[in-house]
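I opened this notebook to record what I looked up in the structure. My topics were the domains, one helix pair and the surroundings of the ligand.

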Amino acid sequence: MGENIEKYLNRVAEAAEQNALVKMTLSKPADKHDELRNIYVKPVLIKGKRLFAFTYRYERRDEVKNYDAEQMISTLKELVPSKFLNAVLFTVNEDVALLVSSKGKVTVQTKKVQECREQNLEHDKQKARLINPANPWWYQLGLTTREGKVTADMQHKFKQIYKYAEIVESLVKPLKFDGPVHIADMGAGKGYLTFALHELLTQRLNLDVDIKGVEIRPELVQKINDIIKTSGLKGLEFVESTIDAYRPQQLDILIALHACDTATDDAIAKGVRAGAELIVCAPCCHKQIRQEMERSGKTDAITRYGIFMERQAVMVTDTIRALMMEYYGYKTQVMEFIEMENTPKNILLVGRKTDKTPDRLMISKAIGDLKRQYGIEKHYLETVL
Ligand SMILES: C[S@@+](CC[C@H](N)C(=O)[O-])C[C@H]1O[C@@H](n2cnc3c(N)ncnc32)[C@H](O)[C@@H]1O
């Protein structure tokens with residue numbers, strides 16, 4: 001070991017000993033292709049013992065290991081410079097950087113700091129991220145920079161993805177599966193939400209999955225399958241098909257987000273027929289019922305206003321969808337997906353299969369009453385179920 005490295009490690013040991021080590025970062029992997037990208041070190045207090053938490057940041061996951069001061073130094077010896085060419089020690093009053101050049105020259109730079117720093121021994125209570133933008137597929141899907149930062153124009157989309165992951169996590173967690181979870185994401189489009197689902201289920205919930213993104217546009221299917229392949233993702237595939245023509249062999253979860261107009265009904269019908277445990281859809285452009293309502297000429301004090309007619313059509317369409325799912329034994333719930341000003345696309349319709357026998361007479365009556373009230377002959381979902 002070189003003299004400078006030894007000096008540097010002594011400085012780290014001294015900072016640890018004096019409870020002055022605030023944090024450390026190891027960066028610039030010696031092998032550019034190494035999956036391990038960085039290591040972050042911070043002191044923690046575990047059961048009254050001062051330890052050092054090493055967060056190993058791999059391309060697709062984080063791993064945390066806790067060491068005592070002696071183990072920390074021996075681990076650092078193994079890592080610098082053979083695995084990392086840069087290491088920075090942040091103490092309460094200085095930054096000490098160890099830099100290894102491409103020719104192997106080792107320099108140590110020390111900088112006094114003015115700011116008031118102190119050790120924080122609290123465990124990093126932040127939960128493992130639901131969705132990690134540093135995962136390589138987000139760059140390939142065009143959401144992040146190469147370094148894994150969400151781009152300015154994709155912030156809104158990322159917020160939606162995150163919210164979606166939060167909701168799905170709460171819906172999936174109580175479910176029990178024997179073997180892989182079979183999922184169809186109908187009208188998967190550019191795949192953002194499908195990748196989010198895959199990431200959530202495999203990396204956070206540790207589930208074995210078989211997710212099919214069903215999409216009508218062949219060029220999109222090809223492009224997404226290429227991204228899946230280069231990202232090395234297992235259990236995710238895009239399939240070129242209409243929702244209607246898609247025949248799932250097994251289906252535990254049916255997803256349909258923003259599938260246009262009656263495509264949502266085709267998707268719900270697939271889920272119900274396959275006996276999916278969970279149906280999650282975010283309906284959009286409710287044309288079929290709006291046209292029927294307008295054609296009937298039946299307006300009331302509310303729907304005589306064009307904009308209210310449109311909003312009422314959304315509510316009537318989705319209420320009948322929810323009632324029909326209940327008819328087939330699902331417990332339904334309507335929730336807000338994400339704030340998107342003045343758009344009806346912010347509703348999530350969720351159906352959970354139950355083993356309770358539904359009161360079909362009452363449900364049929366409720367559907368009939370709604371149809372009569374708004375001059376609807378048939379809801380498209382009735383024709384496909
Ligand atoms: C508005 S995008 C939604 C994409 C994605 N689910 C999301 O929420 O971000 C709707 C997608 O569904 C596809 N689509 C529409 N009708 C379809 C059908 N009948 N069968 C399969 N895909 C369909 C479209 O090509 C489009 O990519």
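The entries below follow those topics in turn.

**Entry 1, domains.** I noted at the outset that the model is predicted. I then looked up the domain division, and found the chain split into domain 1 (3-112) and domain 2 (136-384). I also looked up the separation of their C-alpha centres, which is 46 Å.

**Entry 2, helices α1 and α2.** I turned to helix α1 (residues 3-17) and helix α2 (residues 69-79), whose axes come within 10 Å and cross at roughly 160°. Because angles over 145 degrees count as roughly antiparallel, I recorded α1 as roughly antiparallel to α2. I entered the handedness of the crossing of α1 and α2 as right-handed.

I next listed the residues that meet. From α1 these are L9, V12, A13, A16 and E17, and they face A69, M72, I73, L76 and K77 of α2. Sorted by class, the residues of this contact comprise 8 nonpolar and 2 charged, with no polar residue.

**Entry 3, the ligand shell.** Which residues come nearest to the ligand? I found 16 residues around the ligand, and G187, G189, I216, L257 and H258 are the ones that come nearest.

I then asked which elements each supply at least two residues of the shell. They are α5 (192-204), β9 (209-215) and β11 (253-260). I noted that β11 gives the largest share of the shell, 4 residues.

Finally I looked up the classes in the shell around the ligand, and recorded 10 nonpolar, 4 polar and 2 charged residues.

Methods: Residues are numbered from 1 along each chain as its sequence is written. This is a predicted model: local features need pLDDT of at least 70, side-chain atom pairs count only at pLDDT 80 or more; totals for chains, interfaces and linings use all residues. A residue is near a molecule or strand if its C-beta atom, placed from the backbone, lies within 6 Å of it. Ala, Val, Leu, Ile, Met, Phe, Trp, Tyr, Cys and Pro count as nonpolar, Asp, Glu, Lys and Arg as charged, and the others, Gly among them, as polar. Domain bounds come from an automatic or database domain assignment. Axes are lines fitted to C-alpha atoms, for helices over the stretch in contact, and angles run from 0 to 180 degrees between N-to-C directions. Angles under 35 degrees count as roughly parallel, over 145 as roughly antiparallel, 65 to 115 as roughly perpendicular and the rest as oblique. A crossing is left-handed if the near helix is turned anticlockwise from the far one by less than a right angle, and right-handed if clockwise. Two residues are in contact if their C-beta atoms, placed from the backbone, lie within 7 Å.
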